[in-house]
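Here is a structure to work through in short exchanges. Look at it before reading on.

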Amino acid sequence: MASFYTLQLVCVCLGLFLVACNGFASHEVYALSAFKEAIYEDPLMVLSNWNSLDSDPCDWSGISCSTARDHILKINVSQSSLKGFIATELDQLSFLQELIIHGNSFIGTIPKELGTLKFLRVLDLGGNMLSGPIPLEIGNLTSIVKINLGSNGLTGRLPLELGNLNNLEELRLDRNKLEGTIPGSNGSQIASNLNGLSLSNGNPTGLCRASQLRVADFSYNFFVGSVPKCLEYLQSSSFQGNCRLDRDPKQRDAPLCDGTLAKGHPGLGPKHRYVEDRSEHQSASKPTWILALEIVTGVMVGSLFLMALFLAVQRLPRKPSISIPWKKKSSGKDHITICIDPGMLKDVKRYNRQELEVACEDFSNIIGSSSDSLVYKGIMKGGPEIAVISICIKEDQWTGYLELYFQKEVADLARLNHENAGKLLGYCRESSPFTRMLVFEYASNGTLYEHLHYGEGCQLSWTRRMNIVVGIAKGLKYLHTEIVPPFTISEFNSSAVYLTDDFSPKLVDFESWKSIISRSEKNSGAISADGDVCVLPSSIEGRHLDVQGNIYAFGVLLLEIISGRPPYCKEKGCLVDWATEFLEQPEVMSNIVDPQLKHFRLEDLTAICEVVSLCIKQTQMTRVSTRELCSILESRIDTSASSELKASSLAWAELALSS
């Protein structure tokens, strides 16, 4: 009998062992659940399938697991509009290799517990709203290859422990509030002012110990002092926008730096202040004759400079031009002359980068992105909310033709003036750092796409949708028929429709960069580089007008608005294919309507389905204009507040109960 119970016990233990081997590590599921609980806003429902009761999280969105599906290797929820804190419980993901939460709105500090993730190779926390110092424990991530902490609000000094990261290849710390010196000495000379200690010329210290570091960005912080010699291979732009840092081609404004440094700013230690005081004392004690000589020399040099400048201005042609290199041949001398029309942008407001940087919180408030551009949200001091589109092209790839098309695009957008068209407030064009931006008035209620597919269905009642439909139609009619030359939206869909507080639609061409780039690529080869040729913006091809493409897209958009379904999804296929059978059979037309809608007017639906059919089935023989489409919708759709009440006795009852 005893042997029987012993055998039973062995079997039970073996069963528990096998379950433990085959099941997912429960503490890792707990860590993910804690991560989700620390997030208080998930407007895009990215984490909607993160179910803590599910013992296998490998199919959760943004999660990648090992081949055996027993450990989490990667979390990637970048650009997901998440708001919350970074849970300290992530340290229980012992095998985690990549943590990527870039481009969200995480707040709070970076948990020091992340320093225990010994297999972590990528730590990307950039583009959030994190604050506080960089934890010293980050120096324990011995497997780390890439760290991105840029575009946050981090403060304090850089930890010396970053030098422990022997495998680190990329370090991005730009656009924070970090201060002090950049720690590092290559051991060839005495290094000082590192935590108040003087180090002998022995082993490398600080970042000079990170021998694999190839890419680093320290720009737009409050660093002072000298750049370690081991980092001098980096471009000077990697250090710009700091305070009294050598190799910084563009320092921060003196009031911004001096105001903090003078108040015991930690970045300016006693040794720095002593050196500056001594320098000022030496300057004040110079002999009078030396000071007089310096003054006379300065006056002479200044006079010569002004004279040369005056002569240069006198020789300028009446039509100002700039010479931009283009398609250099072996001789390297070939170029074209790009003539800038001074009158083209004279009525368009030009912003400087610094004021946009302040408005957009150091360009950390990212609300959209594509391969060609980034979109930031900002608030002008004493002015409106703005949306700033910044082109993602490097300076060495920017050609003369791109500059011409950029100017022409700004002029095109600036002429739009309609209640249902996005308003261009101005532009930004600077060379150091290279900047090309468009500044739009911000519509604070987000995009129509977000409301249809990620928002609450009750927010878009039938009447509200009808108002949006008519507003879009009016905007299109204005763009296509009421301005000369006409204007079309590059990618016309629900993401190009922004909504104001009262849900009024505004059509915004945030993809206009693609138009600039494609036109430049198409036409830059139309001219040889032999000799000087003057090309004016007014003489180059305008933006591509795809009126018929906009009309077809309008039909698809109408279906999307009334059905609540996206234009295409993997499960349900193409929206147009699905809707066709209902469009052709009026008796089943109501099946198109979004199930979330309690009431709708059949007359409105009939008018919309008629317009949809005209849009998606047009041929050379049956083409219809935007003016005709808008007329149908305006005359047959009831957008009054009582229209929904007329459609349903139940709606009247609801009104009576609420009164």
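Below are questions and answers on the sheet, the cores, the disulfides and a few serines.

Me: What should I know about the model and its numbering?
Reply: This is a predicted model: local features need pLDDT of at least 70, side-chain atom pairs count only at pLDDT 80 or more, and totals for chains, interfaces and linings use all residues. Side-chain values use heavy atoms, with hydrogens and water left out, and residues are numbered from 1 along each chain as its sequence is written.

Me: Which helix gives the most to the largest nonpolar core?
Reply: A nonpolar core is a set of buried Ala, Val, Leu, Ile, Met, Phe, Trp, Tyr and Cys residues joined through side-chain atoms within 4.5 Å. Buried means under 20% relative accessible area, exposed over 50%, partly exposed in between (1.4 Å probe, protein chains only). The largest core has 78 residues, and Phe 554 is among those with the most contacts inside it. Ten of its residues come from residues 462-482, helix α9.

Me: How many residues are in the other core, which includes Leu 207 and Phe 223?
Reply: This core lies apart from the largest one. Leu 213 and Val 227 are also among its members. Its count is 55 residues.

Me: What is the strand order of the open sheet of six strands?
Reply: Helices (H or I, at least four residues) and strands (E, at least two) are DSSP runs, numbered from the N terminus. Two strands pair if DSSP finds at least two bridges between them. Pairing in this sheet is mixed, and its edge strands, β21 (349-350) and β22, each pair on one side only. The order is β21-β25-β26-β24-β23-β22.

Me: What angle does the direction of helix α7 make with that of β25?
Reply: Helix α7 (residues 400-414) packs on the sheet and touches β25 (424-431) and β26 (434-441). Contact means heavy atoms within 4.5 Å. Axes are lines fitted to C-alpha atoms, for helices over the stretch in contact, and angles run from 0 to 180 degrees between N-to-C directions. The angle is about 160 degrees.

Me: Which residue of β24 stands opposite Val 375?
Reply: Val 375 is in β23, where it is the bridge partner of Gly 368. β23 also pairs with β24 (residues 385-391), antiparallel, over seven bridges. The residue opposite Val 375 in β24 is Ile 389.

Me: Which residue in the turn between β23 and β24 has a positive phi?
Reply: The two strands form a hairpin with five residues between them. The phi is about 70 degrees, and the residue is Gly 382.

Me: What is the S to S distance between Cys 208 and Cys 230?
Reply: The structure holds two disulfides (pairs of cysteine sulfur atoms within 2.5 Å). The link of Cys 208 and Cys 230 is left-handed, with -85 degrees about the S-S bond. Its S to S distance is 2.1 Å.

Me: Why does Cys 230 count as partly exposed?
Reply: Cys 208 has a relative accessible area of 12%, so it is buried. Cys 230 counts as partly exposed because its relative accessibility is 22%.

Me: Which side chain does Ser 490 join through a polar contact?
Reply: Ser 490 lies in the loop between α9 and β27 (497-499). A polar contact is a pair of N or O atoms within 3.5 Å; within protein, one must be able to donate a hydrogen and the other to accept it, and residues adjacent in sequence count only if both atoms are side-chain atoms. At 3.0 Å, the partner is Asp 509.
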